[in-house]
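Biologist: Could you walk me through this one feature by feature? Give me the general idea each time, then the case in hand.

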Amino acid sequence: VTSSPLRTRFHEAGHAVIGVRGGWHCTSIIVTGLGDAYHGACAFELLKHPPIIEAPVRGELRERVSSRMRLKVAGEVAAIKATGERWEVGCWADYHGSVGDPGARDLAGWLLGTEDHDRISDAVAKVEAQVAREFDDPTLWAVVEDLAATLMATPQMFGPQVQTFFSRYGI
């Protein structure tokens, strides 16, 4: 599934900024495509969880799950702020997960201890609103904008490049 170059850069920048700010180690940020057909990936260390999760999740694991949920929705929230467009089909894995990497809806279910669709949807919407308010901070949004611009010039950033970028902002 593809998106415009601008939307894709902001989407990946949103994931990266909120993820790194939340203490996740970002290993790469990649934006590829031609014309108006782009896609991207922002790789982080995976969320390690016990084989059996007692819901609702508690303690330190709860903080990590909550932080990961914020990371998951941040891409779409940043892209909406930059372009005004919601693009749910292209964000399927962010919200519904993929093999070995749970999505925001999975994480919300763990936090709430439920599989109730409406409660999970409400929780995800609340986290999206929280992240949107964070992006209203001009200083933080400037980091997202700078990273999106950097991805235009350097569409493939790996370990040291990612770390150097964020170290400029003390993140």
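Biologist: Let's start with a single residue. In which helix is E128 found?

Modeller: Keep in mind that this is a predicted model. E128 is found in helix α5.

Biologist: Is E128 buried or exposed?

Modeller: E128 has a relative accessible area of 14%, so it counts as buried. Leaving out residues up to four places away in sequence, E128 touches V73, V77, R86 and Y95.

Biologist: Now salt bridges. How many are there by this rule?

Modeller: The general idea: side chains of opposite charge can pair when their charged atoms come close. Here the count comes to five salt bridges. One of them joins the side chains of R7 and E76, at 3.0 Å from N to O. That pair links distant parts of the chain, with R7 in helix α1 and E76 in helix α2, 69 residues apart. Both R7 and E76 are buried.

Biologist: And which residues are linked in a network of salt bridges?

Modeller: The network links R21, R70 and E134. Take R21 and E134: their closest N and O atoms are 2.4 Å apart. This pair also links distant parts of the chain, since R21 is in helix α1 and E134 in helix α5, 113 residues apart. Then E134 forms a salt bridge with R70, and there the closest N and O atoms are 2.3 Å apart. E134 lies in helix α5 and R70 in helix α2, so this bridge ties together parts that are 64 residues apart in sequence.

Biologist: How do R21 and E134 compare for burial, buried or partly exposed?

Modeller: R21 counts as partly exposed because its relative accessibility is 44%. E134 counts as buried, at 18% relative accessibility.

Biologist: On to helix burial. How many of the residues of α4 are buried?

Modeller: A general point for reading helices: an α-helix has 3.6 residues a turn, so residues three or four places apart point the same way. In this model, helix α4 spans residues 104-112 and is mostly covered, with seven of its nine residues buried. The buried ones are A104, R105, L107, A108, G109, W110 and L111.

Biologist: What covers the buried residues of α4?

Modeller: The cover includes α2 (59-83), α3 (92-96) and α5 (117-135). Also have a look just past the helix: α4 is followed by G113, whose phi is positive, near 70°.

Biologist: What about the core? Which residues touch the most other members of the largest nonpolar core?

Modeller: In soluble globular proteins, nonpolar side chains tend to be buried together. The largest nonpolar core here has 45 residues, and M69, F135, L147 and F166 touch the most other members. At least two residues of this core come from each of α1, β1 (26-34), β2, α2, α4, α5, α6 (138-153) and α7 (159-167). For a feel of the packing, pick M69: not counting residues up to four places away in sequence, M69 touches A104, L107, A108, L111, A123, V124 and V127.

Biologist: Next, cysteines. How many disulfides does a search of the whole structure find?

Modeller: A disulfide is a covalent bond between the sulfur atoms of two cysteines. The search of the whole structure finds zero.

Biologist: Why is there no bond between C26 and C42?

Modeller: The sulfur of C26 is 3.9 Å from the closest cysteine sulfur, that of C42, and this is too far for a bond. For reference, the cut-off is 2.5 Å between the sulfur atoms. As for burial, C26 counts as buried at 1% relative accessibility, and C42 counts as buried at 17%.

Biologist: One more polar residue, then. Which backbone oxygen does the side chain of T8 reach?

Modeller: The side chain of T8 reaches the backbone oxygen of S4, at 2.8 Å. T8 is found in helix α1 (residues 5-21) and counts as buried because its relative accessibility is 5%. Setting aside neighbours within four places in sequence, T8 is in contact with S3, V31, Y38, H39 and G40.

Biologist: Last one: where is A41 placed?

Modeller: A41 is in strand β2, residues 37-44. A41 counts as partly exposed, given its 39% relative accessibility. Beyond neighbours within four places in sequence, A41 is in contact with E12, S28, I29 and I30.

Notes. Residues numbered from 1 in each chain as written. Predicted model: local features only at pLDDT ≥ 70, side-chain atom pairs only at ≥ 80, totals over all residues. Heavy atoms only, no water. Helix = DSSP H or I, 4+ residues; strand = E, 2+ residues; numbered from the N terminus. Buried < 20%, exposed > 50% of the residue type's maximum accessible area, 1.4 Å probe, protein only. Contact = heavy atoms within 4.5 Å. Polar contact = N/O pair within 3.5 Å; in protein donor to acceptor, adjacent residues only side chain to side chain. Core = buried A, V, L, I, M, F, W, Y, C linked by side-chain atoms within 4.5 Å. Salt bridge = Lys/Arg side-chain N within 4 Å of Asp/Glu carboxyl O.
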